[in-house]
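Welcome, and please open the model in your viewer. We will go from one selection to the next, with a short note on what to look for at each stop.

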Amino acid sequence: MSPAPRVVQLSFLSDPQRREPEELLRAWPTLLGVAAGTARAGVPTTVVQAAARDQTIERDGVRLEFVNDSGAMPKRVRRIPVVRRPARLLDKVVSLAPDVVHVHGFGFPFATRQLRDALPRVPILVQDHAATPATGARRLLWRWAYSTCDAAAFATREQVLEFVAAGVISRKMPVFDVLEGSSRFTPGDREQARRFTGLAGDPCILWAGHLDANKDPLVALDAFELAAPDLRDARLWCCFGMAPLRAEVERRIASSSVLRDRVVLIGARPFDEMERYFRAADLFVQMSHREGCSYAAIEAMACGVAPLVSDIPSTRRIIGDAGARVPVGDARALAAAIRDWAARDPALRRADARAQFERALSFEVIGHELRRAYESLSANRS
């Protein structure tokens, strides 16, 4: 058996908060998680990440090279953004002599094309992170940049269709089904989690996502109101970050005696607390119109919580038979799913959710999926 190819996983994304490398690892757990998954799958893996300063960290079998490339940050000349070459990042990648480069995100067309120029014979895999194909003149830029890549990765193959339709990538380009990330969360003790979080209810239903039009919290509220008469002790708890619809959500809750008594807007919680919020829940709801890869649904399943989510391409891949998928925007269908899943045996419900996570969603699974992709690309370039 031939040795696995040497891989660089490259992120051009600069942290707007300019946090230290160790802080970034805590804030972006998938950065190390995916790389550690490929390392455990036998792939020699180095991460090259744009950062506030240079630092090398060795962890979980992965070498992480944080590179201060602030000179490549876009600047403005008379209010016009000017993109500059990320020279130090590219020099670092070239110095590592990789067999494959795995670029995270479609949002860096100039940098990705410059990477191709720097490494003309090295296969480049670009992975989607919930991007929408560019429009107008920027679409031409994306075509120019990504037509030179060797393959793309999406959470599920259905997601590539709009990129092909936009001409961003060729119909002939190899596409690999690979999740963006996973979670280290575990089921833990539900009662202990409820004491810590204050969550309660039978069922205890958790919402975790922005209060915005894409996540569609108003549909979730409508559904809960419809289901509540049949579930006297049900409660809905809402953790959220950005909240452009907060005023509208608050008005909707205030307009209903059912929602006023049984829905709690928690707001933002630190990431390291969210594991206990998921552990405390019986069901997870999310009604997104679009998701690249729902981290919240994955985290819920890692904790043994059944997801009740909208029927979109990524959720078909993620939840399997361990939860319910309902049509986008259909409150009645979600209400029916809440009633159905609330009546199921809690122990079996939790076991099925965790089993689906281990079978299809873990960092180990991602690592093996990526190894197959890397080996295929390396073999085709040999």
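A salt bridge here is a side-chain nitrogen of Lys or Arg within 4 Å of a carboxyl oxygen of Asp or Glu. This is a predicted model, in which local features need pLDDT of at least 70 and side-chain atom pairs count only at pLDDT 80 or more, while totals for chains, interfaces and linings use all residues. Residues are numbered from 1 along each chain as its sequence is written, and side-chain values use heavy atoms, with hydrogens and water left out.

**Stop 1: a salt-bridge network**

Select Arg190, Glu191, Arg194, Asp282 and Arg349: salt bridges link these residues in a network. Now zoom in on Arg190 and Asp282, whose side chains meet at 2.8 Å, N to O. This pair connects distant parts of the chain, with Arg190 in helix α7 (190-197) and Asp282 in the loop between α11 (271-280) and β14 (283-286), 92 residues apart. Helices (H or I, at least four residues) and strands (E, at least two) are DSSP runs, numbered from the N terminus.

Is Asp282 buried or exposed? Asp282 is buried, because its relative accessible area is 5%, while Arg190 is partly exposed at 28%. The cut-offs are under 20% relative accessible area for buried, over 50% for exposed and in between for partly exposed (1.4 Å probe, protein chains only).

**Stop 2: Glu364 and two arginines**

Across the whole structure, a search finds 31 salt bridges. For one of them, select Arg40 and Glu364, where the closest N and O atoms are 2.8 Å apart. Arg40 sits in helix α2 (residues 29-40) and Glu364 in helix α16 (residues 363-381), so the pair ties together parts that are 324 residues apart in sequence.

Keep Glu364 selected and add Arg184: these two also form a salt bridge, with 3.7 Å between the closest N and O atoms. Arg184 belongs to the loop between β10 (175-177) and α7, and lies 180 residues from Glu364 in the chain. As for accessibility, Glu364 is partly exposed at 31%, Arg40 is partly exposed at 43%, and Arg184 is partly exposed at 47%.

**Stop 3: helix α11 and Ala300**

Next, colour α11, which is mostly covered, with seven of its ten residues buried. Those residues are Glu273, Met274, Glu275, Tyr277, Phe278, Arg279 and Ala280.

From Phe278, step across to Ala300, which touches Phe278, Phe284 and Val305, not counting residues up to four places away in sequence. Contact means heavy atoms within 4.5 Å. You will find Ala300 in helix α12 (residues 295-302), and its relative accessible area of 0% makes it buried. Try a distance label too: the C-alpha atoms of Ala300 and Pro187 are 8.9 Å apart, although 113 residues separate them along the chain.

**Stop 4: two packed helices**

Finally, show helix α8 (residues 217-227) with helix α9 (residues 246-254). How do their axes sit? The angle is about 15° and the axes are 10 Å apart; axes are lines fitted to C-alpha atoms, for helices over the stretch in contact, and angles run from 0 to 180 degrees between N-to-C directions. The two helices are therefore roughly parallel, a term for angles under 35 degrees.

To see the contact, select Pro217, Leu218, Leu221, Asp222 and Glu225 in α8, which meet Glu248, Val249, Arg252 and Ile253 in α9. By class, this contact has five nonpolar, no polar and four charged residues. Ala, Val, Leu, Ile, Met, Phe, Trp, Tyr, Cys and Pro count as nonpolar, Asp, Glu, Lys and Arg as charged, and the others, Gly among them, as polar.

Terms used: Angles under 35 degrees count as roughly parallel, over 145 as roughly antiparallel, 65 to 115 as roughly perpendicular and the rest as oblique.
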